[in-house]
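Work through the exercises below with the model open. Each task is followed by its solution.

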Amino acid sequence: MTLIRCREILRSSAPVVLTEAPAGCGKTHEAAALAADLAPTLDPGREVLVLAHTNAAVQAFSARTRGVRGSVRVTTIDAFCLDLLSPYASVLGLPSDLRRQVGPGRDRVPFDTLACKAVELLSRSPSLARMVAARYPVIIVDEHQDARRDQHRVARILAEAGSGRLRIFGDPLQAIYDDGDAISWRQLECEADVRVALDTPQRWSQAPELGEWILRARNALKAGTALPMSRRPEGVRLTYVPGMPDAGFGKGNPRFLAQPLQDFLNRHRHGTVSVLAASRLLSVGLYGCGRGRLTFNEGADFEGAYSALERAIAAVGRPRDLCLIILDLLGEVATGLTAAYRETIGRALTVQGVQAGRSRALAPFLATFAPIYSCPDLASFCAAIEGIARCPPDWLRLRQPECLRILGRIRPSGPDDALEALDAAIGARKLSLPQPARSIGTIHKAKGLEYDHVLVGNFSAGHFADERGRRLAYVALSRAKASVELMVPALAPSPLLPR
């Protein structure tokens, strides 16, 4: 099927069109162009609704549809469900101040609950479903292979309630968030009135041989066979690391990976670079081997900020406890806070005040906590975190600085508005998160992004073997625009590599 024919079908009156699009084949471009083309054709007061899964995708769609004649609303599925539920929260057994109670953290409403409750609301009130459906006669869902079943049901209910058009975009080989409740791609195929495919590589205009190879790799992974390494282009490199074991989750591996990582960075001093790992633990270890040459890609993960603030709310009035909460947070988002340093700092933070002792290395850091003892409230707690984020000591390397900066930006007047202030700060930050040019992180965090050069750390049997490992491998490979390199443990290579 030609691209012209695909575009005709997407713009047709068919109720449900499913578009399968491999990475780099123009899925975001075509979905955004579809929204921009259909918006001007709608009646006044009607909008094209674009539902994405990540804030990065919302940024991309918003940028591509900005200024179109007509109205396009771009939001995440969870944010859309939250807006839908808020006026009816108490009826559904949810907190009346729902916006303040959703998110990570103890006793908060999980994001996973929102779509389920939205389905309940729309099912109990068909008139509401028809009213919402009338406003959104065209619904475009992006990366729908990652949708949970209830998220898909929300889109289907609205499309059916108003006889609207539902356009589904996705790639089953990029489904790496399988939590047991993911939608079945086969189910989507059965529900669709028409199925189309985008299969022309566009990401690799400057490296067509790499693009063709990644498509061949996709076909091999989908068929359950090994990667086509015998006919790989120059931009695909294998680096075997002698003596490196496969510890499954990465323990013990970073010391073997340090030199190959530095060699990779030396080969690619220009352009965007990403080092990807299958697990968070391995990405943290690799970050330590980067010697400050890489930024940790924390994405929009601010769960540590929420948990720290919730603990601080309970510790107001107890300065030492507030300081220890900051130390715990630093243990999660930074490296360099050794057990010895932690013990020394813990002794210096007494109930009565800060006893700096004789340690010159720790004295400036300990001085950061003094204002908390003078005024043990949330504002002082956040101000201390801001100071550490702005000027960390030489021995502390911030792996997730944005988690600290986001807490440092708020100055809550009391416990009642603390979480609300954090919600507002995170909401604004998620819509403007910068993408580091040279980064390290998990494959999950890199999903939807692209880089000139990609290194996949520890392409091992423990991480890349089963069906999920095949999908992880494809997502990692397809991030690369110019070159991709696999670091392979010689003692336990992935079975995805030919023998």
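**Exercise 1.** How many bridges join strand β2 to strand β4, and do the two run parallel or antiparallel?

*Solution.* The model is predicted. Start with β2, residues 48-52, and β4, residues 138-141. Four bridges join them. The two strands run parallel. Then take one pair: Val50 has Ile140 of β4 as its bridge partner.

**Exercise 2.** Place β2 and β4 in their sheet, and find which strands stand at the edges.

*Solution.* Write out the order: β3-β2-β4-β5-β1-β6. These six strands form an open sheet with parallel pairing. Now look at the ends. β3 (72-76) and β6 (194-197) each have a single partner strand, so one side of each lacks a neighbour in the sheet. Neighbouring strands are turned against each other by 15 degrees on average, direction ignored.

**Exercise 3.** Which strands do helices α2 and α4 touch?

*Solution.* Take α2, residues 27-38, first. This helix packs on the sheet and touches β2, β3, β4 and β5. Its direction makes about 165 degrees with that of β5 (165-170). Next, α4, residues 77-85, packs on the sheet and touches β2 and β3. Its direction makes about 100 degrees with that of β3.

**Exercise 4.** Which residues touch the most other members of the largest nonpolar core?

*Solution.* The core has 47 residues. Ile326, Ile345, Leu349, Leu407 and Leu422 touch the most other members. Helix α14 (319-333) is among the elements that give two or more residues. With nine, α14 gives the most. Now follow Leu349. Beyond four places in sequence, its contacts include Arg320, Cys323, Leu366 and Tyr373. A second, separate core has 40 residues, including Phe80 and Leu158.

Key
Residues numbered from 1 in each chain as written. Predicted model: local features only at pLDDT ≥ 70, side-chain atom pairs only at ≥ 80, totals over all residues. Heavy atoms only, no water. Core = buried A, V, L, I, M, F, W, Y, C linked by side-chain atoms within 4.5 Å. Buried < 20%, exposed > 50% of the residue type's maximum accessible area, 1.4 Å probe, protein only. Contact = heavy atoms within 4.5 Å. Pairing = 2+ DSSP bridges. Axes fitted to C-alpha atoms, helices over the stretch in contact; angles between N-to-C directions.
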